[in-house]
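Hi,

Here is the structure I promised to pass on to you. Have a look at it first, and then read my notes underneath.

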Amino acid sequence: MANTAKDTADENTGAWIIHHGQKLQADVSGASEFSALDGAAKGGMLLAGMAASDQTELSRAELVAIAKNTRLNPKTELDFALEALKKREVIDITKEGAVSVLGVSTRQVLRVTTRLFEGLDPTAEENAAIDVAETTSAAPKKLGDEIDRVSDAFKLKKVDAADFLRPVSGDRLRR
């Protein structure tokens, strides 16, 4: 099956979601402020961990180990992530709580991560975070130009766009 432009865009977005999700782990309030990014990243990392297993079916104990390894709380977040992945039809859950991963490639993990993010109703700031990461990874941008662009594109007040961009203005956004 040929990779479409949308697939490639979704894979890039999924990679940024996982990247941002890992960065949120270092921020005490990051997960609550960017809950769609955090949830989608954790779901994507869980799926990647499950898909990397040599087994076709994973027990609950194995799922808990993978969840802990991906910094997903097995008591409060695991079942939510599993249900979201089941809804995307990339896993199947048995009555006993074991999980089968349904032929998932690395690229598909990234596309599923994007779908998880979209399904969690991301805020304008969360969508802007993905967009700014992709845009500024290509070339540095002037902070003023990015404030205007982000404000317009994501319907944010200029002061909110400026506040949002200020922490990441270091080496990618020039004044």
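Below is what I found, starting with the sheet and moving on to the core and one of the helices.

Just so you know, this is a predicted model.

The sheet is an open one with 3 strands, ordered S1-S3-S2 and paired antiparallel. Strands S1 (57-58) and S2 (91-93) sit at the edges with a single partner strand each, so one side of each has no neighbour in the sheet. S2 and S3 (residues 99-101) run antiparallel and are joined by 3 bridges; Ile93 has Val99 in S3 as its bridge partner. Packed on this sheet is helix H3 (residues 35-52), which touches S1, S2 and S3 and makes an angle of about 85 degrees with the direction of S3.

Now for the core. Nonpolar side chains in soluble globular proteins tend to be buried together. Here the largest nonpolar core has 41 residues, and Leu46, Leu47, Met50, Leu85 and Ile91 have the most contacts inside it. H3 gives the largest share of this core, with 7 residues.

What does Met50 touch, leaving aside its neighbours within four places in sequence? Its contacts are Leu58, Leu63, Ile66, Leu82, Leu85, Ile91, Val99 and Val101.

Last, take a look at helix H7 (residues 124-138). From first C-alpha to last, its 15 residues reach 22 Å, close to the 21 Å expected at 1.5 Å a residue. Several H7 residues are buried, including Ala129, Ile130, Val132 and Ala133; Glu126 and Thr136 are buried as well.

Cheers

How values were computed. Residues numbered from 1 in each chain as written. Predicted model: local features only at pLDDT ≥ 70, side-chain atom pairs only at ≥ 80, totals over all residues. Heavy atoms only, no water. Pairing = 2+ DSSP bridges. Helix = DSSP H or I, 4+ residues; strand = E, 2+ residues; numbered from the N terminus. Contact = heavy atoms within 4.5 Å. Axes fitted to C-alpha atoms, helices over the stretch in contact; angles between N-to-C directions. Expected span 1.5 Å × (residues − 1). Buried < 20%, exposed > 50% of the residue type's maximum accessible area, 1.4 Å probe, protein only. Core = buried A, V, L, I, M, F, W, Y, C linked by side-chain atoms within 4.5 Å.
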